[in-house]
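Okay everyone, thanks for squeezing me in. I'd like to walk you through one model today, so let me put it up on the screen.

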Protein chains: 2
Amino acid sequence: MSSEQQTLAEKAFESIYAMIMSGALPLGGIVNEVALSHTLEIGRGPVREAVQRLQGLRLVTREPYMRARVVSLSVRDMVEIFQLREAAEGMAARLAATHMSDAEIAALIERFERRRAGLPGPDGETPDVFDVHVRIAEGSGNSRIRHLLCEELYHLLRLYRRRSGALPGRRGEALDEHWQILRALQIRDPALAESLMRSHISRATELLLATLPDQAPRRADNTAA
Amino acid sequence: MSSEQQTLAEKAFESIYAMIMSGALPLGGIVNEVALSHTLEIGRGPVREAVQRLQGLRLVTREPYMRARVVSLSVRDMVEIFQLREAAEGMAARLAATHMSDAEIAALIERFERRRAGLPGPDGETPDVFDVHVRIAEGSGNSRIRHLLCEELYHLLRLYRRRSGALPGRRGEALDEHWQILRALQIRDPALAESLMRSHISRATELLLATLPDQAPRRADNTAA
DNA sequence: GATGGCAAAAGTGTTGACAGTTTAAGGCGC
DNA sequence: GCGCCTTAAACTGTCAACACTTTTGCCATC
């Protein structure tokens, strides 16, 4: 964790990512390469590379000569993400049920129990809300699914949670559902694990859909008649 | 289709992508930025941007000061891609069953019938093997799933098909299975469409798994005792 | 007062040169 | 002859300047 990163582009990426998360760069706002290069006191090349990586993560949109903008994150976007999560995380749970070792599952369950009881973890970790989901994605043994979930989707979920409507609460039910999923892993039932995970995410998706301002009009045309 | 593209980086991206597909850049081979910039007769900046985009698509691997390499595409990688496809395309089929219009489904079925009979399409199109899959991904109405399948995974499938083992044949069965999926769309049965799509891809995954050189050892530990 | 074109300003795309790191070659000792 | 260290070559990372495009503000015109 030294202040001396490996490459300036990496440092720029993390800085800009943090700016988006903190709101220093507002949600629909413009991402100015030269302004950022002055702020970060580096050349425009690394900034440009970082913005391109952010575009790869779909955190900013960018077209040839137009200015780059931070993503807007409409409810519609969130619904799409949740639908993809339902599919990918369901498969991750299915794979994890046969791929994770007994020790890994036991450790995950113990960790979960501690968190549930409000205790700090055995190693003073950061108790992320997505903890169970991350562990299962990693435990799937499928690096592409893990990358999709952990590197591409969870960033957007965190952003939405922090800077928009805080993603329907559901604390209690979610814990119960997590527990059932972990049990399915423990008894090595892939179909059950997938089914439970899909139901878990599907319920959240339904809540999101209920938040939709009715049916999104295809185009918002504000030109006065 | 003019030779004058919008931006040089875009041109570089397409050129390098074609080089990988044609084998001009071999599968595990090194991607040299200055050599490419000389070959394409452009500066190193656009080449660099293109390589980064290729890295985003996971077609090349790249670490800070190391040379970039074209991906290797092991059977293991293909199995991971197929597992993700099973999940994502299954969801795409489920969504398409409620989202596609009657006209879209009818057009897709007619197109499929023509191809099946060996006729050229009504508009002289390119009869891609992934045609049905692409149309369903687009018909899902979920831009993120469409992007994942059409922009990130199908490239790798085409590459593997052309430059490695030609992905288990199964021409006849695949056509039948496609037909059943289209029928499920037509009768508006989301669960059936998803189930059929998953079975369709799962069968191909099984064939791939059978190709695996037995079972991949978890770690290759060559330290002598 | 509103609308259209025109010009300056701001911003992105591209280039060539320089700095830092890795890789490869060469020489030295064993 | 083989292995290790030194050194040069090759390559990637970074920067500052230039070219092209878009945007913005202004002015004339309707």
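So, which residues are the closest to DNA strand D? Before I answer, keep in mind that this is a predicted model. Right: 21 residues surround DNA strand D, and the closest are A:Leu8, A:Gly43, B:Arg44, B:Arg48 and B:Pro64. You'll notice names from chain A and from chain B in that list.

Now, where do these surface residues sit? On chain A, α1 (8–22) and α3 each supply at least two residues of the surface near DNA strand D, and on chain B, α2 (33–40) and α3 (44–56) each do so too. If you sort that surface by class, you get 11 nonpolar, 3 polar and 7 charged residues.

And which part of the DNA does the protein meet? Of the strand D atoms within 4 Å of the protein, 81% belong to sugar or phosphate, and the rest belong to bases. Let me show you some individual spots. A polar backbone atom of A:Leu8 is 2.3 Å from a phosphate oxygen of DNA strand D. Over on chain B, a polar side-chain atom of B:Arg62 lies 3.3 Å from a phosphate oxygen of that strand. B:Arg44 goes for a base: one of its polar side-chain atoms is 2.6 Å from a base oxygen of strand D.

Okay, let's leave the DNA and look at how the two protein chains meet. Chain A brings 31 residues to the contact, and chain B brings 31 residues as well. Together they bury about 2700 Å², with carbon and sulfur atoms giving 46% of that area. Here's a trio to click on: A:Arg58, A:Glu80 and A:Arg144 supply 25% of the area that chain A buries against chain B, more than any other three residues.

How many salt bridges are there between chain A and chain B? The count is 6. One salt bridge joins the side chains of B:Arg198 and A:Glu194, at 2.7 Å from N to O. There are also 14 residue pairs in polar contact across this interface.

On the chain A side, α3 (44–56), α4 (75–99), α7 (143–163) and α9 (190–211) each supply at least two of the residues that touch chain B. Of the elements there, α4(A) gives the most, with 12 residues. By class, that side of chain A has 11 nonpolar, 8 polar and 12 charged residues.

That's my tour, so go ahead and ask away!

How values were computed
Residues are numbered from 1 along each chain as its sequence is written. Chains are lettered from A and ligands numbered from 1 in the order in which they are written. This is a predicted model: local features need pLDDT of at least 70, side-chain atom pairs count only at pLDDT 80 or more; totals for chains, interfaces and linings use all residues. Side-chain values use heavy atoms; hydrogens and water are left out. Contact means heavy atoms within 4.5 Å. Buried area is the accessible area (1.4 Å probe) that two parts lose on being put together, summed over both. A salt bridge is a side-chain nitrogen of Lys or Arg within 4 Å of a carboxyl oxygen of Asp or Glu. A polar contact is a pair of N or O atoms within 3.5 Å; within protein, one must be able to donate a hydrogen and the other to accept it, and residues adjacent in sequence count only if both atoms are side-chain atoms. Helices (H or I, at least four residues) and strands (E, at least two) are DSSP runs, numbered from the N terminus. Ala, Val, Leu, Ile, Met, Phe, Trp, Tyr, Cys and Pro count as nonpolar, Asp, Glu, Lys and Arg as charged, and the others, Gly among them, as polar. A residue is near a molecule or strand if one of its heavy atoms lies within 4 Å of it.
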